Amino acid sequence: STSKPLYDYAPGIEFENWSTYKLFDDSTYSYSDGTPIMNWDRQYKGRMTLRQALAQSRNIPALKAFQENKNSNILKFVKSVGLHPDEQNGIIHEAHSIGGYTGESPRDMAAAYAAFGNGGYYIKPYSYTKIIVNKTNEEIENKVSKTRVMSEETAYMMTSLLQSSAQYGLGNQYNIGGAIYGAKTGTSNFDSATIKRWGFGSDVVNDLWVDGVSPDYAISVWYGYINRTEENRKYVSTSFTVAHRTLFNAVAKGVFKNGSDWKKPDGVLEVKIISGSWPPILAGD
C-alpha cells in the first residue's frame, strides 16, 4: 500500500487536476480481466473522498484511481521518481495500483517519497558528498543534481494527504514530539501457492512497511525476514502489527525536526465545502 500515493493519487493530481475531495465508490469491484479485488478488511464503505481512501488504505478506490489515469502518465511518473514497475510493451498491469509487482527497495521508496517533501524535485540517492584523498588532499565532489518531476502544487497536496494517512495508519505511534510529517503503511502478502504449501493462516503476511516524509527528511522502514526455509518458516502476523510502526516512530524521533513545515504554493486553493456533497458545494457561513 505504500505504492498507492505514487501509482494512483499523485498522477491523478498531477495530470488530471484532481482535488483531495475527489470521490470514489468503495464497493464490490474487479480488475479489468474480471478478477475480484477486495479491501484488507473484506468490507466496503461506499462513497468516500480521495483523502479518506488513501488514509484508510482502501484497495478498491486505489484501483479505480489507477484506471482513471492514463497508463502512460502513471508509468512516466513512477519512473521519474526512481521506481521500477513491471513494464511490458510500455504498459504496467493494474495490480501496481496496490503494490502487486516485483517491488522496490527501502532506499528507492525513501527517494520517491522525498520528491513530495522536496516540492516536486527528485534527487537520485547517494551515499557521500565528497572524497578527500589522504596523500594529496585532492577533493572529489559528488555532484548531486535534482530534477523536477511534478509541480510544487502536486507535491504539497500529497504531503497534506500523507499527513492524514500518517495519523490514521500509525495510530498511537503517530506523535513524534510535535514534528509535522506524512507517512503511509504497507503490507506485502505471500502468494496463494506459498500460503497453501506452508499452511499459513489468514493473519500471516510476508513483510510490513512504513514510508514517511517531512520537510527535511524521508524515511523508509521495511520489517520482515530475508531468509526462509522449509525448516524455518518465518513470517509476520497482522495480529501483532505494531512493531514496524514502533520502529518507524523510533527512527523518526531521531531524524524529523520540530517546527518545520511545508509552505502552501500560490497555485493551491483551499476552500471549505459541505461534507458528502457531490458535485462539491461551497459551505455557507
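Strand β13 and strand β14 (residues 218-224) run antiparallel and are joined by seven bridges, and in this predicted model the connection between β13 and β14 is a hairpin of four residues. Within this pairing, Trp209 stands opposite Trp222 in β14. Strand β13 also pairs with β11, again in the antiparallel sense and over seven bridges, and here Trp209 is the bridge partner of Gly186. Strand β13, which spans residues 207-213, is mostly covered, with seven of its seven residues buried. This holds for both faces of the strand, since Asp207, Trp209, Asp211 and Val213 are buried on one side, while Leu208, Val210 and Gly212 are buried on the other.

From the strands one can turn to the nonpolar interior. The largest nonpolar core has 40 residues, and the members that touch the most others are Leu6, Tyr7, Tyr9, Val81, Leu83, Phe116 and Met150. At least two residues of this core come from each of α1 (4-16), α2 (50-55), α3 (59-68), α4 (71-80), α5 (106-117), α6 and β13, with α5 giving the most, namely six residues. For Leu83, leaving aside residues up to four places away in sequence, the contacts are Leu6, Tyr7, Val78, Glu104, Asp108, Met109 and Ala112. A second, separate core consists of twelve residues, among them Val210, Ile219, Phe248 and Ala252.

Charged pairs give another view of the fold, and a search of the whole structure finds seven salt bridges. In one of them, Asp26 meets Arg58 with the closest N and O atoms 2.9 Å apart; because Asp26 lies in strand β1 (residues 23-26) and Arg58 in the loop between α2 and α3, the pair ties together parts that are 32 residues apart in sequence. Asp26 has a relative accessible area of 0% and is therefore buried, and Arg58, also at 0% relative accessibility, counts as buried. Arg58 forms a further salt bridge with Asp41, where the closest N and O atoms are 3.0 Å apart. This second pair links the loop between α2 and α3, which holds Arg58, to the loop between β3 (36-37) and β4 (46-49), which holds Asp41, 17 residues apart, and both Arg58 and Asp41 are buried.

A contrasting setting is found for Lys264 and Glu270, whose side chains meet in a salt bridge at 3.2 Å, N to O. Lys264 counts as partly exposed at 34% relative accessibility, whereas Glu270, at 62%, counts as exposed. Asp26, Asp41 and Arg58, for their part, are joined into one network by salt bridges that share partners.

Definitions and conventions: Residues numbered from 1 in each chain as written. Predicted model: local features only at pLDDT ≥ 70, side-chain atom pairs only at ≥ 80, totals over all residues. Heavy atoms only, no water. Buried < 20%, exposed > 50% of the residue type's maximum accessible area, 1.4 Å probe, protein only. Pairing = 2+ DSSP bridges. Core = buried A, V, L, I, M, F, W, Y, C linked by side-chain atoms within 4.5 Å. Contact = heavy atoms within 4.5 Å. Salt bridge = Lys/Arg side-chain N within 4 Å of Asp/Glu carboxyl O.
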